[in-house]
Amino acid sequence: MFERFTGDARAVVQGAVGHAEAARAPRVDPGHLLLALLGRESGRCRAVLAALGVGAERKESVRRALTDTRRRAGLSRADSDALAGLGIDVTEIVARVEEAHGVGAMSGDRRAGRGRRPFTPDAKDVLARALRAAGARGDRHIGDEHLLLALVTRPGGEAEILHDHGVTHETVTQALHDGGAESRAS
């Protein structure tokens with residue numbers, strides 16, 4: 001599959017590994033892919049995010065929201081709301097765990113050392129969804145825009161965060177359409 005990735009998409013995957021290494025996380029997850037997409041200085045994804053008004057200030061807001069989601073062990077707001085309906089206060093649980101074990105104890109970052117970072121099943125799912133998104137659009141190659149489409153269509157905290165910032169499947173698809181075919185990977 002990676003042979004079909006454009007240079008921009010490969011850079012995102014490498015950037016995600018870099019984010020995982022910097023966090024000393026044992027594995028690369030969808031959040032690392034999102035961080036790598038946000039950090040891109042070029043590519044169709046950057047153009048889409050800019051068209052949707054996700055500039056530097058809003059990118060920082062996305063990063064903060066992702067950090068908050070990680071602190072809740074990846075639980076989305078919908079997950080937290082569902083648990084609240086059962087009488088479980090996720091905020092209180094996080095506070096107690098962090099009081100006992102330190103801030104970020106529930107993030108899953110186990111402080112791995114150096115070495116190869118495998119991808120979580122969820123991150124692999126994002127890559128597979130990117131392949132399907134490219135096929136659905138009739139694109140022969142997988143670009144960074146397909147990784148963004150994959151993240152917004154996958155249930156979970158990353159999609160919820162992006163949605164809260166106006167980045168949905170519909171808005172991304174429209175921005176790609178408005179951008180025309182001239183920048184489409186061939």
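Student: Which residues does Thr120 touch, not counting residues up to four places away in sequence?

Tutor: In this predicted model, the neighbours up to four places away in sequence are set aside for Thr120. Contact here means heavy atoms within 4.5 Å. On that basis, the residues touched by Thr120 are Arg27, Val28, Asp29 and Pro30.

Student: Is Thr120 buried or exposed?

Tutor: Thr120 lies in the loop between helix H6 (90-101) and helix H7 (121-137). A residue counts as buried under 20% relative accessible area. Because its relative accessibility is 10%, Thr120 is classed as buried.

Student: Which backbone atom does the side chain of Thr120 reach, and at what distance?

Tutor: A polar contact requires a pair of N or O atoms within 3.5 Å. The side chain of Thr120 has such a partner in Ala123: the backbone nitrogen, at 3.0 Å.

Student: Where is Asp29 found, and is Asp29 buried or exposed?

Tutor: Asp29 belongs to the loop between helix H1 (7-22) and helix H2 (30-38). The limit for a buried residue is under 20% relative accessible area. Since Asp29 has 16% relative accessibility, Asp29 counts as buried.

Student: With which residues is Asp29 in contact, leaving aside neighbours within four places in sequence?

Tutor: Thr120 touches Asp29, and the list for Asp29 likewise includes Thr120. Leaving aside neighbours within four places in sequence, the contacts of Asp29 are Arg70, Thr120 and Ala123.

Student: How are H3 and H10 oriented to each other?

Tutor: Two packed helices are described by the angle between their axes and the distance between the axes. Helix H3 (residues 44-51) and helix H10 (residues 169-179) have axes 9 Å apart and pack at an angle of about 110 degrees. Angles of 65 to 115 degrees form one class. Therefore H3 and H10 are roughly perpendicular.

Student: How many residues of the contact of H3 with H10 are nonpolar?

Tutor: From H3, the residues Arg44, Val48 and Ala51 meet Val172, Ala175 and Leu176 of H10. One residue of this contact is charged and no residue is polar. The number of nonpolar residues is five.

Student: How are H8 and H10 oriented to each other?

Tutor: The axes of helix H8 (residues 144-153) and H10 come within 9 Å and cross at roughly 160 degrees. Angles over 145 degrees form the class that applies here. Therefore H8 and H10 are roughly antiparallel.

Student: Which residues in H10 are met by residues in H8?

Tutor: H8 contributes Glu145, Leu148, Leu149, Val152 and Thr153. By class, the contact of H8 with H10 holds five nonpolar, three polar and one charged residues. The residues met in H10 are His169, Val172, Thr173 and Leu176.

Notes:
Residues are numbered from 1 along each chain as its sequence is written. This is a predicted model: local features need pLDDT of at least 70, side-chain atom pairs count only at pLDDT 80 or more; totals for chains, interfaces and linings use all residues. Side-chain values use heavy atoms; hydrogens and water are left out. Axes are lines fitted to C-alpha atoms, for helices over the stretch in contact, and angles run from 0 to 180 degrees between N-to-C directions. Helices (H or I, at least four residues) and strands (E, at least two) are DSSP runs, numbered from the N terminus. Angles under 35 degrees count as roughly parallel, over 145 as roughly antiparallel, 65 to 115 as roughly perpendicular and the rest as oblique. Ala, Val, Leu, Ile, Met, Phe, Trp, Tyr, Cys and Pro count as nonpolar, Asp, Glu, Lys and Arg as charged, and the others, Gly among them, as polar. Buried means under 20% relative accessible area, exposed over 50%, partly exposed in between (1.4 Å probe, protein chains only). A polar contact is a pair of N or O atoms within 3.5 Å; within protein, one must be able to donate a hydrogen and the other to accept it, and residues adjacent in sequence count only if both atoms are side-chain atoms.
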